[in-house]
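Open the model in your viewer and keep the sequence at hand. We will go from strand to sheet to core, one selection at a time.

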Amino acid sequence: MQLICITGATGTQGGAVVEALLKGGGYKLRATTRNPDSDASQKLRARGVEVVKADTDNKESLVAAFKDCYAVFGLTQYWEPKVQEREFEHGKNMVDAAKETGVQHFIYSSLPDTLTLSGGAIYVPHFTLKGRV
């Protein structure tokens with residue numbers, strides 16, 4: 001059975017991906033979290049999801065989390081305090097870890113780079129930073 005890793009699995013978007021994959025069946029799931037002892041992590045484990053500790057600030061933790069994965073669903077947390085200036089780095093860490101571990105499919109929750117699309121007229125930081133990953 002192929003293994004899919006979902007980042008942000010204890011949150012709204014990643015949780016929805018976990019839910020859809022569990023409902024569809026056919027895959028083994030691994031969830032990354034910074035707090036594998038949280039209530040949300042425990043609930044995932046109870047549903048058969050493997051939960052591992054990883055942080056987008058730490059590429060090596062992502063390499064460990066993505067090991068043996070067929071696919072990864074990645075997202076960044078722009079709205080978390082103090083993350084905005086590091087969002088590009090977080091996305092790049094995920095991409096680099098996926099490449100390093102031979103992940104065949106990397107799905108990244110992104111937005112279009114409004115600064116580039118508007119010829120420099122419109123800057124929406126969380127769109128631009130996600131779009132540049």
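Select I6 and look across to β2: the residue opposite is A31. This is a predicted model. Now show all of β1 and residues 27–33, which make up strand β2. The two strands run parallel and are joined by five bridges.

Next, bring in helix α1, residues 12–24. Helix α1 packs on the sheet and touches β1, β2 and β4 (71–74). Its direction makes about 160° with that of β1.

Widen the selection to the whole sheet. Five strands form an open, parallel sheet, ordered β3-β2-β1-β4-β5. Which strands stand at the edges? They are β3 (50–53) and β5 (105–108). Each has a single partner strand, so one side of each has no neighbour in the sheet. On average, neighbouring strands are turned by 20° against each other, direction ignored.

Now the interior. Pick L62, F66, C69, V72 and V103: these have the most contacts inside the largest nonpolar core, which has 15 residues. β1 (2–6), α3 (59–66) and α4 (87–101) each give two or more residues to this core. The largest share, four residues, comes from α3. Another core, of 14 residues, lies apart from it; A9, V18, A71 and L75 are among its members.

Centre on V72. Leaving out residues up to four places away in sequence, V72 touches C5, F66, V103, H105, F106 and I107.

Finish at the rings. The whole structure holds one aromatic pair. F106 and Y108 are stacked, 6.3 Å centre to centre with 10° between the planes. Is each ring's residue buried or partly exposed? F106 is partly exposed because its relative accessibility is 28%. Y108, at 18%, counts as buried.

Key
Residues are numbered from 1 along each chain as its sequence is written. This is a predicted model: local features need pLDDT of at least 70, side-chain atom pairs count only at pLDDT 80 or more; totals for chains, interfaces and linings use all residues. Side-chain values use heavy atoms; hydrogens and water are left out. Rings of Phe, Tyr and Trp (its six-membered ring) pair if their centres lie within 6.5 Å; planes under 30 degrees apart count as stacked, over 60 as edge-to-face and the rest as tilted. Buried means under 20% relative accessible area, exposed over 50%, partly exposed in between (1.4 Å probe, protein chains only). A nonpolar core is a set of buried Ala, Val, Leu, Ile, Met, Phe, Trp, Tyr and Cys residues joined through side-chain atoms within 4.5 Å. Contact means heavy atoms within 4.5 Å. Two strands pair if DSSP finds at least two bridges between them. Axes are lines fitted to C-alpha atoms, for helices over the stretch in contact, and angles run from 0 to 180 degrees between N-to-C directions.
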